Amino acid sequence: MVAQGFTVDLDKPLVHQVGHLGEAYQEWVHQPIVSKEGPRFFESDFWEFLTRTVWWAIPTIWLPVVCYSISVSIHMGRTVPEVALMVVFGIFIWTLMEYTLHRFLFHINTRSYWGNTIHYLLHGCHHKHPMDGLRLVFPPAATAILLVPFWNLIKLLATPTTTPALFGGGLLGYVMYDVTHYYLHHGQPTVEVPKNLKKYHLNHHFRIQNKGFGITSSFWDKVFGTLPHSKSAKNR
C-alpha cells in the first residue's frame, strides 16, 4: 500500500489518509479488498456513524415520501393514469441520472488531496471495499440534502400538478437503484435476469472498471457505448 512514499495504514481511519496518495490514488482505490467488514473512516464516532447505513433504511424512509408525493398530484386533480405515466417517466429520468452520476462524477479522476478525499467518500470507498454492507447505500441525511435541488429543478421544468408525481417517480427510481445495488453485492439470485445483472455489475468492480456504469440495467451503457466486451468476444 505504498505510493509516492506514503503508506496507507488500513488499521487507522482512512478518510484523512487517502488524499496523500496524490496521483497514485486512482490505482490504489481500484485494487479492491474483498471483505464484508469495512474500514473505519473517521476517528470521531459521530462522523463514523453518519457513514454507515443499513440497506432497509432506504425503503423505510423514502417509500412513504414517494407515496405522499404521488398522492399530492392525485389530490390536485390529476387522474391515476396520468400520475402513473409521470411516475414511470420519473423512474426513466432517474436511470439516466444513475448512469450519468456513476460515469462522470463517481469515476472522475482526482489527484489533489481534497479531490481524492471527496472522491473516496462519494464512491472510491465502495470500489476499495465493495462488500462493505454498511456503505453500499447512500446515507439518508445526504439524500435529503440532494433532494432539495432535485425538487426545485423539477418544479422549474414541470407544472405544479405534475411536479409531485415526477418527484415521487424519480425518488422511487432511486430507492429501486439503491436496494438493487445492495442485492447485487450481497444477494444470491437464482433467476436469470438478476443473475446476469449481478455478473454485469461485479464485472465493473473486478474486471473492467471504466465500463458498465449501469446498476439497475445496461440500457444506457448500450446507448452511450460503454458496454463492456464479454470475455469470449475479447478473446476472439
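Student: With which residue does Glu82 form a salt bridge?

Tutor: The model is a predicted one. A salt bridge requires a side-chain nitrogen of Lys or Arg within 4 Å of a carboxyl oxygen of Asp or Glu. For Glu82, the closest N and O atoms of such a pair are 3.7 Å apart. The partner of Glu82 is Arg78.

Student: Is Arg78 buried, partly exposed or exposed?

Tutor: Buried means under 20% relative accessible area and exposed means over 50%, with partly exposed in between. The relative accessibility of Arg78 is 28%, so this residue counts as partly exposed. Its partner Glu82, with a relative accessible area of 34%, is likewise described as partly exposed. The term for Arg78 is therefore partly exposed.

Student: How many salt bridges does the count give?

Tutor: The rule asks for a nitrogen of Lys or Arg within 4 Å of a carboxyl oxygen of Asp or Glu. One of the pairs is Glu82 with Arg78, and another is Glu48 with Arg52, at 3.1 Å. By this rule the count comes to five.

Student: Which residues are linked in a network of salt bridges?

Tutor: Glu48 bridges to Arg52, with the closest N and O atoms 3.1 Å apart. Glu48 also bridges to Arg135, where the corresponding distance is 2.7 Å. The network consists of Glu48, Arg52, Asp132 and Arg135.

Student: How many residues apart are Glu48 and Arg135, and where do they lie?

Tutor: These two residues form a salt bridge with a closest N to O distance of 2.7 Å. The pair links distant parts of the chain, with Glu48 in helix 3 and Arg135 in the loop between helix 6 (113-128) and helix 7 (140-157). Their separation along the chain is 87 residues.

Student: Why does Arg135 count as buried?

Tutor: A residue is buried when its relative accessible area is under 20%. Arg135 is in contact with Gly38, Pro39, Phe41, Glu48, Thr51 and Arg52, leaving aside its neighbours within four places in sequence. Glu48, its salt-bridge partner, is also buried, with a relative accessible area of 4%. Arg135 counts as buried because its relative accessibility is 9%.

Student: Which side chain of opposite charge is nearest to Glu98?

Tutor: Glu98 lies in helix 5. Glu98 is buried yet has no salt bridge. Its contacts, apart from neighbours within four places in sequence, are Tyr177, Gly214, Ile215 and Thr216. The nearest side chain of opposite charge is 13 Å away and belongs to Lys222.

Student: Which helices each supply at least two residues of the nonpolar patch?

Tutor: The patch on the surface is formed by Phe89, Phe92, Ile93, Phe219, Val223 and Phe224, with about 540 Å² of accessible area together. Membership requires over 30% relative accessible area. Phe219, for instance, is partly exposed at 42%, and this residue is found in helix 10. The helices asked for are helix 5 (80-105) and helix 10 (219-224).

Student: How much of the span 83-101 is helix?

Tutor: The unreviewed UniProt entry lists residues 54-77, 83-101 and 136-154 for "transmembrane region". In the model, residues 54-77 are 79% helix and 0% strand, with end C-alpha atoms 37 Å apart. For residues 83-101 the end C-alpha atoms are 26 Å apart, strand is 0%, and helix is 100%.

Student: What percentage of residues 87-226 is helix?

Tutor: The unreviewed UniProt entry places the feature "domain: Fatty acid hydroxylase" at these residues. In the model, the end C-alpha atoms of this span are 27 Å apart and strand makes up 0%. The helix content is 70%.

Student: How far apart in space are Pro164 and Met86, C-alpha to C-alpha?

Tutor: Pro164 is located in helix 8 (residues 163-186) and counts as buried at 6% relative accessibility. Its contacts beyond four places in sequence include Ser69, Val72, Met76 and Trp151. Although Pro164 and Met86 are 78 residues apart in sequence, their C-alpha separation is 9.2 Å.

Student: Which residues does Trp55 contact beyond four places in sequence?

Tutor: Trp55 is found in the loop between helix 3 (45-50) and helix 4 (57-75). At 37% relative accessibility, Trp55 counts as partly exposed. The residues in contact with Trp55 are Val137, Val179 and Tyr182.

Methods: Residues numbered from 1 in each chain as written. Predicted model: local features only at pLDDT ≥ 70, side-chain atom pairs only at ≥ 80, totals over all residues. Heavy atoms only, no water. Patch = residues over 30% accessible without salt bridge, like charges linked within 9 Å, V, L, I, M, F, W, Y side chains within 5 Å. Areas by Shrake-Rupley, 256 points an atom, 1.4 Å probe, with all protein chains shown as cover. Helix = DSSP H or I, 4+ residues; strand = E, 2+ residues; numbered from the N terminus. Buried < 20%, exposed > 50% of the residue type's maximum accessible area, 1.4 Å probe, protein only. Lys, Arg positive; Asp, Glu negative; His and termini not counted. Contact = heavy atoms within 4.5 Å. UniProt positions renumbered as here; feature names shortened; annotations may be inferred.
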